[in-house]
Amino acid sequence: MKKETRSLVQTVAIVLSILFIVLAMVNSHFDWQLLAIPGSAFALLSIFMSCLLLWLFVGIDWPSVLCLVLLGLGWLPKVTYSQVFSLSFGNSTFVFLLFTFIVTYALEQTPALKRLVGWFLKTNFAKKSPSHFLGAFLGAVLVISCFISPTILFMIVFPIYEEMMEVFGLEKGSRQASFILITLFSTIAIGTAMTPINHVFAITAMGLYHTATSVSISNIQYMGIAMPAGICIFIGMLASLHRLWKLDLSEVTFQSLESLENLPKVTKKERWIVSIFSIVIALWIIPEWLGILSPSVAAFLKSAGMAFPPMIGAVLLACIREDGKPLMSIQEALTHGVYWPSLLLVGATLSLGTLLTKPELGVLPLIESGLTPLFHQWSAMIIVIVFVIWAGLQTNFSSNLVTVSVVTTVLTTIAASTDLGIHTAVVACLIGFMASLAYMTPPAMPYVAISVGSGWTSSKDAFLYGGWLLVLSIVSAVAIGYPLGTLWM
């Protein structure tokens with residue numbers, strides 16, 4: 001077995017993290033009040049900095065567990081492991097993500113998503129020309145990415161892309177093929193940003209805001225901001241592809257894709273799974289609309305929270321049997337369908353973010369005295385732009401989950417200590433929105449790394465075209481998302 005070695009950056013990050021932890025322990029034990037900071041605030045900030053370094057440069061799995069261990073060690077007054085566990089694993093956001101992973105796994109085991117792509121590509125619009133065919137393909141991907149995990153979706157559509165390039169007669173190294181691939185994974189990113197359905201980044205931002213303020217952001221409220229902004233980015237991307245990057249498919253011939261023509265017949269099991277998944281999505285979206293028809297049902301669904309629909313879906317999938325077997329094995333889904341490192345990070349950041357906003361732990365007064373004068377010098381729109389750019393840049397060079405966790409936590413912590421003059425809930429939504437838009441570098445998202453490694457595109461193309469898309473995204477979030485959000489919410 002090959003021995004895994006750490007890079008110099010990872011080693012430095014680990015050493016600095018240990019230093020922060022040791023300083024917190026010594027400062028707490030001897031009550032030194034280092035830097036004139038109260039002991040509890042120093043300990044909490046030390047935990048935050050040490051875990052942040054590990055999340056950014058080492059990993060998100062064991063550092064997240066370490067974060068939970070450190071929070072309950074006794075350095076923070078009146079903070080016990082029972083509280084830490086209730087704020088992390090007992091949080092409704094954690095439960096929501098767990099059961100959403102399970103329900104989505106069942107759908108991914110069927111050809112339903114490929115059927116949907118095939119339906120788009122058989123329309124009269126798609127048959128007009130290669131450009132229309134590509135547009136129909138990207139439209140299908142955009143729709144599916146609104147409710148499917150981005151990395152999983154990319155692994156489904158990437159083989160279709162390769163077959164399309166073969167049909168188009170485009171080879172690896174072709175500039176046309178490179179920009180089509182970048183547009184493909186960028187479409188997935190845009191769709192991911194447009195809804196919180198099955199998307200951990202938006203849900204984490206909404207969960208952190210709810211934990212800090214006890215005010216919930218509904219799926220409909222988020223989508224009222226993100227969908228118009230995302231559609232504008234998508235339109236701008238397609239316009240840029242043809243006008244700015246000069247994609248020309250006029251000389252390309254095309255035919256139907258064999259992989260989408262030879263799909264197996266729809267089975268009763270597939271119909272059941274698609275129906276249950278559709279019910280789960282409907283239960284996420286309709287509570288606000290049900291208020292007119294059935295206030296009591298709408299009130300129950302709102303009080304039950306976002307975790308209720310996927311829990312019902314998981315129960316139905318496990319109980320309904322076809323050919324003597326359940327539609328889905330819960331054990332198999334927990335083993336193969338749940339990305340546990342993401343859940344651990346969500347649990348750690350939910351508990352850490354909550355504790356950072358507690359006035360009795362001393363971080364809020366510290367921020368109020370240190371940062372409030374700075375923010376008071378800026379207009380509300382400048383503050384919005386700063387948080388949007390911060391989230392957009394960080395997510396394109398590091399982990400999306402770390403980005404949304406850190407930026408949202410900083411936002412809610414500062415907002416708890418001073419009036420920023422902004423609509424904090426809308427900015428929290430925009431942070432989740434921007435954290436989903438990873439286009440530029442391989443560390444940003446697995447699909448970027450896979451694309452660059454495949455030989456169909458290059459790091460340079462992804463950086464340049466992705467950088468332009470990031471600019472479009474920032475403009476759309478600030479000029480469209482924020483004004484709509486202030487009206488919508």
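Start by selecting Phe-179 and Tyr-465: both are buried in this predicted model. Their rings form an edge-to-face aromatic pair, with 5.6 Å centre to centre and 85° between the planes. Now colour the two helices they sit on. Phe-179 belongs to helix 9 (residues 175-194) and Tyr-465 to helix 25 (residues 459-488), so this pair ties together parts that are 286 residues apart in sequence.

Stay on helix 25 and pick Phe-463, then add Phe-397, which sits in the loop between helix 21 (380-395) and helix 22 (400-417). These two are 66 residues apart, and their pair links distant parts of the chain. The ring centres are 6.4 Å apart and the planes meet at 65°, so this pair is edge-to-face. Are these rings buried or exposed? Phe-397 counts as partly exposed, at 44% relative accessibility, and Phe-463 is partly exposed too, at 40%.

Next, select Phe-154, Phe-158, Tyr-161, Phe-185, Tyr-447 and Trp-456 together: ring pairs link them into a cluster. Across the whole structure, a search finds 17 aromatic pairs.

Time to zoom out. Switch to a cartoon view and you'll find 25 helices and two strands. The radius of gyration is 23 Å, close to the 23 Å that the globule rule gives for 489 residues, so the chain is as compact as a globular protein of that length. Turn it around: the C-alpha trace spans about 75 × 55 × 50 Å along its principal axes.

Finally, colour by burial, and 54% of the 489 residues count as buried. Show the surface last: about 21,000 Å² is accessible, with 66% of that belonging to carbon and sulfur atoms.

Note on methods: Residues are numbered from 1 along each chain as its sequence is written. This is a predicted model: local features need pLDDT of at least 70, side-chain atom pairs count only at pLDDT 80 or more; totals for chains, interfaces and linings use all residues. Side-chain values use heavy atoms; hydrogens and water are left out. Helices (H or I, at least four residues) and strands (E, at least two) are DSSP runs, numbered from the N terminus. The radius of gyration is taken over C-alpha atoms; the globule rule is 2.2 Å times the number of residues to the power 0.38. Buried means under 20% relative accessible area, exposed over 50%, partly exposed in between (1.4 Å probe, protein chains only). Accessible areas come from the Shrake-Rupley method with a 1.4 Å probe; for residues, only the protein chains shown count as cover. Rings of Phe, Tyr and Trp (its six-membered ring) pair if their centres lie within 6.5 Å; planes under 30 degrees apart count as stacked, over 60 as edge-to-face and the rest as tilted.
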